[in-house]
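User: Hi! Could you teach me how to read a structure like this one?

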Amino acid sequence: MEESMEEEEGGSYEAMMDDQNHNNWEAAVDSFRSPPPPQPSIPVSAREPPGGQLLAVSVERKGPKEGLSMGPPPPPEANGVIMMLKSCDAAAAVAKVAPAPTPSSTININTSTSKFLMNVITIEDYKSTYWPKLDGAIDQLLTQSPGDYIPISYEQIYSCVYKCVCQQHSEQMYSDLIKKITNHLERVSKELQASPPDLYIERFNVALGQYMGALQSIVPLFIYMNKFYIETKLNRDLKDDLIKLFTEHVAEKHIYNLMPLLLEAQATPFQVTPSTMANIVKGLYTLRPEWVQMAPTLFSKFIPNILPPAVEAELSEYAAQDQKLQRELIQNGFLRGDQSRKRAGDELTYNSSSACASSRGYR
Amino acid sequence: MSAEEMVQIHLEGRCYPVSKRKLIEQSDYFRALYRSGMREALSQEPGGPEVQQLRGLSAPGLRLVLDFINAGGAREGWLLGSRGEKGGGVEEEEDMDEVSLLSELVEAASFLQVTSLLQLLLSQVRLNNCLEMYRLAQVYGLSDLQEACLRFMVIHFHEVLSKPQFHLLGSPPQTPGDVSLKQRLREARMSGTPVLVALGDFLGGPLAPHPYQGEPPSMLRYEEMTECWFPLANNLPPDLVNVRGYGSAMLDNYLFIVGGYRITSQEISAAHSYNPTTNEWLQVASMNQKRSNFKLVAVNSKLYAIGGQAVSNVECYNPEQDAWNFVAPLPNPLAEFSACECKGNIYVIGGYTTRDRNMNILQYCPSSDMWTLFETCDVHIRKQQMVSVEETIYIVGGCLHELGPNRRSSQSEDMLTVQSYNTITRQWLYLKENTSKSGLNLTCALHNDGIYIMSRDVTLSTSLEHRVFLKYNIFSDSWEAFRRFPAFGHNLLVSSLYLPNKKET
């Protein structure tokens, strides 16, 4: 029992000296030491380390050793991989023999040949220099009208995003971007709320158009972050995320005001231009397809396959509806044209198809 | 047909022409740039060629990427393949250039988002660039490349581990739940299908149970469904043929075969490892001591070669350094003993010292590098095999000789026994015996729910020894016999390894 306790304590040198059995062993080792120690085999291949000296060490050892092989793994050198590779063998030897207590958390990318990554961007640098640059560009893109000349350099902003992503600021940058756009959209929403009803539809259309236009530029600027952070880490897509922001912060808040106005405008010719109407309806459908349910007829005018598909059982009903429409048209003065004249080829088509049918019938 | 529209890319005062169509096709950067409607996307002054300014990239890296784009994307043999792995005489200077060029290339390809080029890198991972590629993949967030490097490093684990640069990558875990790279790789090696593999000098010819074509194979794998043995698509390396009394152990799903003696009674120190994921044998560093009839035990990701014929020293192999170092020796040289790992310690049981029977159970603790007398037993055992599950050691076969007053059975080799020894309660259990099978010169391996044993039948005394293949189920304490023995032969070793799943290969 005493022995097992000793092990659990890790077997300090004192404990070992007190241990009866161990003392016996010490003697046994001594007695064994009298014959010449076994000779190490002569290294055959170049990879064999010279063993003679190590052997001597091992035979002489009595207490717990501060071993070569038992030591902590060689610590990373300050130089980084590339320097390490250059002086591979020598550095390896040094690293093995001289373990330093400094643990390094990550590979130091300072030594990279990359000019982009030469300087470490701290979170303070990010906040004081990099984000403000992006912030300004995003502001400009969000507030200009579609089609305006954009004086911003793509290369500069992209490089800025790229550097931040490579220096592990993706998470912060993503959250800053979302926060910034959310704030902007809340402001847009408030402005819309203050609009008089006669301008409401047009202003909503402008806001939607402006935002979608801005995304045309903002999304490409952040493709590096999208690819190497949002897609891989969050399994999402930046464009989808940004569209969702508009849905949540603008469209959802206005849909119940907007829809009656749209229905009213639809019933009144030329109150709203057809293109505005088409933009808004298509836009709303993109944001949230379920909104169709609020006005299926309106949506069906701009988006195909909204209304339920034709059903065979109701064919006679469709025919009756068409006949009713035709009667109404005739009553209103629209003529059906000369029914007596067949177009050239009609008869031929008819004949050939019937010939086909009959030949099939004979088989 | 009009001439292709060209774009001049400016970098550090130099100018690189490239086809605009190919640029937009291959580079997500330029595709997004032209879509963004920003300053550079608008047509510049008419007449002159379009100019795009880039900053911060390295010129050689950009040139390589633009060459790739101008060539119209991935082509056979392009890029790293042309300067793939070289022979032994690689100049360090060249390697250095290659590494820095690689990082410049990856940066330019990442910045310009040339996806097809980045994709091409996945098939270019080699032993001499996998660490650098992995680092670059981390820096530039290339998760596919990172995965490809990890897969490669799992397959070539020990070769990668022994590179001095590995420790720069294997950063310690950042958070408590995180595991180090080394640990991740080690765990990933334990995947695939566990398969029993038999090694030995099998005899061919008409007497063999399976008529193999040509030379009889020296490595066979067992298919449990059909209860059949099939040759592995590899054989023992020539210098391991006819080596007896070697030590063998599994470490990180490598089968190590170390030391032994040749028929000419020469002891050897050489060490080989079989990597089932590549189906290759590698020669690793030789031991400092030539030894045979010793025990090789894997503990804490290291191997320990314990004793041998008239040898008491012990040496330890660390795959991280690919080197053997002497550690605390056995108190005495032992013969006909056995050893195994159990709960991070090594236990040595049985055999003879130079003077007497060894009745002691010795325990070696790797962290304190100390041998201690664990317990003295009253049954003498020799020539047994040992495996362990949790805190229980299973002693398979061997020759028992009870010395206490209440002796149970006489010494007999015509019996195969299984006993267990619990290292916590220190309790011995006599589990099972099989009186018609030999307990000597057997080979066994822990596999799935049992100990698979190859031994010989002692009831038949024909000119050829009758071999048996059976299993001791440790949960039901029962025997299970298999009809098929791999082949007639000698010097057999049975081992359990993870072979790669068929679909992965």
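Analyst: Happily! Chain B has an accessible surface of about 21,000 Å², with 49% of that area belonging to carbon and sulfur atoms (Shrake-Rupley method, 1.4 Å probe; for residues, only the protein chains shown count as cover). This is a predicted model, where local features need pLDDT of at least 70 and side-chain atom pairs count only at pLDDT 80 or more, while totals for chains, interfaces and linings use all residues. Residues are numbered from 1 along each chain as its sequence is written, chains are lettered from A and ligands numbered from 1 in the order written, and side-chain values use heavy atoms, without hydrogens and water.

User: How do I read two packed helices?

Analyst: Two packed helices are described by the angle between their axes and the distance between the axes. Here, helix 8 (residues 154-166) of chain A packs against helix 2 (residues 28-36) of chain B at about 130 degrees, with axes 11 Å apart. Helices are DSSP runs of H or I, at least four residues, numbered from the N terminus; axes are lines fitted to C-alpha atoms over the stretch in contact, and angles run from 0 to 180 degrees between N-to-C directions.

User: How are helix 8 of chain A and helix 2 of chain B oriented to each other?

Analyst: They are therefore oblique: under 35 degrees is roughly parallel, over 145 roughly antiparallel, 65 to 115 roughly perpendicular, and the rest oblique.

User: Which residues make the contact?

Analyst: Helix 8 of chain A brings Tyr154(A), Glu155(A) and Tyr158(A), and helix 2 of chain B brings Tyr29(B), Ala32(B), Leu33(B) and Ser36(B) (contact: heavy atoms within 4.5 Å).

User: And Glu159(B), what does this residue touch?

Analyst: Glu159(B), in helix 8 (residues 157-161) of chain B, touches Leu127(B), Tyr254(B) and Leu282(B), not counting residues up to four places away in sequence.

How values were computed
Helices (H or I, at least four residues) and strands (E, at least two) are DSSP runs, numbered from the N terminus.
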